[in-house]
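User: Hey, I've just opened this one and I'm new to it. Can you walk me through a few things?
Analyst: Sure, let's look at it together.

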Amino acid sequence: MNNLGMVPVGLAGQQLVTASSKLVNGIITVLIQHKEELLHYEVRGVPFGISLPAMESTPVTTIADHLANSICVPGFDPSLSMMTGITPINPMIPGMGLVPPPPPTDVPVVKEIIHCKSCTLFPPNPNLPPPSTRERPPGCKTVFVGGLPENATEEIIQEVFEQCGDITAIRKSKKNFCHIRFAEEFMVDKAIYLSGYRMRLGSSTDKKDSGRLHVDFAQARDDFYEWECKQRMLAREERHRRKMEEDRLRPPSPPAIMHYSEHEAALLAEKLKDDSKFSEAITVLLTWIERGEVNRRSANQFYSMVQSANSHVRRLMNEKAAHEQEMEQAKESFKNALTGILTQCYLPGRERRGEERRGEERRGEERRGEREERRGEERRGEERRGEERRGEERRGEERRGEERRGEERRGEERRGEEREREERRGEEGEEKKRKGKENRRKKTYLIIDEF
């Protein structure tokens, strides 16, 4: 029996084992190893028994069936060594294999003596309350071990705690405590199980060779750093998974549309004339117009492309109207043929059907006349709108011509006014020069007269 993996519970004088978390094959192995002829087990509160001689002569599958029926667990499959129909259990849950099972609340826990090569561990009094522990830090892999004997060495500590799992580091203090770091987190729970044991080195009775162990969770930076790294890695994986899911669900981006240039405009004009590339070309043209690529230099080219697209659309509309007319004619011919066949098949009521047919023909003629009138109205509307657009263009050209001529006239007037101002300024300058000369001449005469 594993000192750290199974806790025997029961009355005095009976060897009992908790089988609620063990598989049936493990129970059979435990039964075979015992020497008694009759073993009594208590599983889920239901007692059952098996005789050892009978068990040795009975196949394993029969014993498994007997155990399954005694435990009253339906759906047990002995070939799989597991119970079908039950959700898989996490092995980290207490009592499921890796972590020692929790003690029952109504029955005291009986711990066993653990013998090692260099020391012996004596269990605490079962009537005492369990040792207190601090709150478990996240990602804890390190335990604090206090109450060590003064003569305990790292080799002895290694020998005692390596039963709980792989040890990566032991930091022993000069005082009677140390820190032990394990490889996995679940090993810490096994080490906590040893809390309260009295440790004695060899068979010595010296106080320096004995001590009561106190095992508790330790707050280690390395454990917290590894836990944070693991959490960050999980967060990165989750972000990457979400990003991949978003990329998978995101609709594909439309192809990029090039910017306007004269070369691209020439190619686009050719594509507008091609029926297979018209839809792509009209998308590019609309994008250029929405971007504001139209200016005075490219206005004529855009106008020609719009006219080409308009003519193409008009041609498509005419073809659609022609196809609809052909479809109506085909329906009408089919109806007439079918009516003739029905008339030949059903002689009674021929006159009535004839009247109905003639009524349908008249209604069809009326509908066709109405469609022709609507198409004529649409054509006349298109012609009127075309005349209005051309009139607007002519009036726009006339307005622009008048504006240009007005600008030219105003420019000529401004230049004439500037020339007149220049001439006046020149005349004023000549007059000033002439008056200056006369003044100087008078001053000269006055000076001569004084002499």
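User: How much of the protein chain counts as buried?
Analyst: Of its 451 residues, 26% count as buried. Keep in mind that this is a predicted model.

User: And how many helices and strands are there?
Analyst: The protein chain has ten helices and twelve strands.

User: What share of the contacts links residues 24 or more positions apart?
Analyst: That's 58%, counted among contacts with a separation of 6 or more.

User: Let's pick a residue. Where does F217 sit?
Analyst: F217 is in strand 12, which covers residues 214–217.

User: Is F217 buried or exposed?
Analyst: Buried: its relative accessibility is 10%, and the cut-off for buried is under 20%.

User: What does F217 touch, apart from residues up to four places away in sequence?
Analyst: The list is T133, R134, R136, P137, C140, T142, V188 and I192. Take V188: F217 is 29 residues from V188 in sequence, and their C-alpha atoms are 7.8 Å apart.

User: C140 is on that list. Is C140 buried or exposed?
Analyst: C140 is buried, with a relative accessible area of 1%. C140 also helps line the second largest cavity.

User: Oh, cavities! How many of 30 Å³ or more are there?
Analyst: Two. The second largest cavity holds about 30 Å³ of space.

User: Which residues line the second largest cavity?
Analyst: P137, P138, G139 and C140 do, along with A218, Q219, A220, D223 and F224. By class, six of the lining residues are nonpolar, two are polar and one is charged.

User: Back to cysteines. How many disulfides are there?
Analyst: The count is zero.

User: Why doesn't C119 form one?
Analyst: Because the closest cysteine sulfur, in C116, is 4.4 Å from the sulfur of C119, which is too far for a bond. The pair would have to be within 2.5 Å to count. C119 is buried too, at 1% relative accessible area.

User: New topic: where is S195?
Analyst: S195 is in the loop between helix 5 (186–192) and strand 10 (198–201). Though in a loop, S195 is buried, with a relative accessible area of 3%.

User: What is S195 in contact with, leaving aside neighbours within four places in sequence?
Analyst: S195 is in contact with K111, P131, L213, H214 and V215. With V215, a polar atom of the S195 side chain lies 3.3 Å from the backbone nitrogen of V215.

Terms used:
Residues numbered from 1 in each chain as written. Predicted model: local features only at pLDDT ≥ 70, side-chain atom pairs only at ≥ 80, totals over all residues. Heavy atoms only, no water. 1 Å grid on protein atoms, 1.4 Å probe; cavity = no way out; pocket = protein on both sides within 12 Å on 5 of 7 lines; lining within 4 Å. Points joined across faces, edges and corners; volume = space filled by probe spheres on them. Nonpolar A, V, L, I, M, F, W, Y, C, P; charged D, E, K, R; others polar. Buried < 20%, exposed > 50% of the residue type's maximum accessible area, 1.4 Å probe, protein only. Helix = DSSP H or I, 4+ residues; strand = E, 2+ residues; numbered from the N terminus. Polar contact = N/O pair within 3.5 Å; in protein donor to acceptor, adjacent residues only side chain to side chain. Contact = heavy atoms within 4.5 Å.
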